[in-house]
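User: Could you take me on a close look at one part of this model? I'd like to start with its aromatic rings.
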Amino acid sequence: MTDLDFSGKTALIVGGSSGIGNGIAQAFRQRGANVYIWGTRLNSAEYEGEDGSDLAGLDYDRMDVSDFQAIADYNPPFTSLDILILSQGTVIYRRGEFEMPGWMTVMDVNLNSLMACCMKFRDMLETSSGNITIISSTAGYHATRGNPAYSASKTGAVGLTRTLGQAWASGGIRVNGVAPGLVDTKLTKVTTENPERREAAIKNIPQGRLGTPDDIAGAALFLASPLASYITGQTIVVDGGLIL
């Protein structure tokens, strides 16, 4: 068994139906894990043919992560869990986050649901000596023009990663994070589909390109593997040098 062979392991990727989460889900599936994902649509068929969504071989459930009671009441189709990846996220443009309804929507999905998910699966992960990876953003390290809730929620996610990493280490659970830079997903189309914005953004990335879900998946695989067995509470920035 190699360090990146997850055969026999069970993984749940929240937000695994598209974008970064989907790239992570498929990376674990390709390395032998039994992969379950949560998405927002009624069923997996509603994602068919959509760019950035490959649900082949993944076990899908619908979940509104802003409904914390629904998370608490969830009856999982698996009896054990080794890996929990939290990749849910949303953003509201056109200054919608400066109004309280928009602020609360983003905070509930991007931050509060992280804690709800962690608490839901804590006992399973402690039993398996499992691990959690929280997908945050480089927005957690700098101001984000026009999106105060997004920035605050991602900053909070980095802090939550540190604190749960410290709190749950004695129970055998490792908690780490990945902070992606600019990755071409549904959430970033406002930039990536605007030629001028896209070009300006790439000029600020030392590696000279946008990130991909596979780039983020590489870090997630590492953090969930035995290679990272002495790492907890840390967030790895994967951004091509963007925030240097």
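Are W38 and Y74 buried or exposed?

Analyst: Happy to help! This is a predicted model, in which local features need pLDDT of at least 70, side-chain atom pairs count only at pLDDT 80 or more, and totals for chains, interfaces and linings use all residues. Residues are numbered from 1 along each chain as its sequence is written, and side-chain values use heavy atoms, leaving out hydrogens and water.

W38 is buried, and Y74 is too; buried means under 20% relative accessible area, exposed over 50% and partly exposed in between, with a 1.4 Å probe and protein chains only. Rings of Phe, Tyr and Trp (its six-membered ring) pair if their centres lie within 6.5 Å; planes under 30 degrees apart are stacked, over 60 edge-to-face and the rest tilted. By this rule there are six aromatic pairs. One of them joins W38 and Y74 edge-to-face, with 4.9 Å from centre to centre and 80 degrees between the planes. This pair links distant parts of the chain, 36 residues apart: W38 belongs to strand β2 (residues 34-39), while Y74 is in the loop between α2 (68-73) and β4. Here helices (H or I, at least four residues) and strands (E, at least two) are DSSP runs, numbered from the N terminus.

W38 and Y74 also belong to one aromatic cluster with Y36, F78 and F121.

Elsewhere, rings meet charges. A charge sits over a ring if NZ of Lys or CZ of Arg is within 6 Å of the ring centre and within 35 degrees of the ring normal. R41 lies over the face of Y47, 4.5 Å from the ring centre, and the charged end of R95 sits over the ring of F98, at 4.1 Å from its centre.
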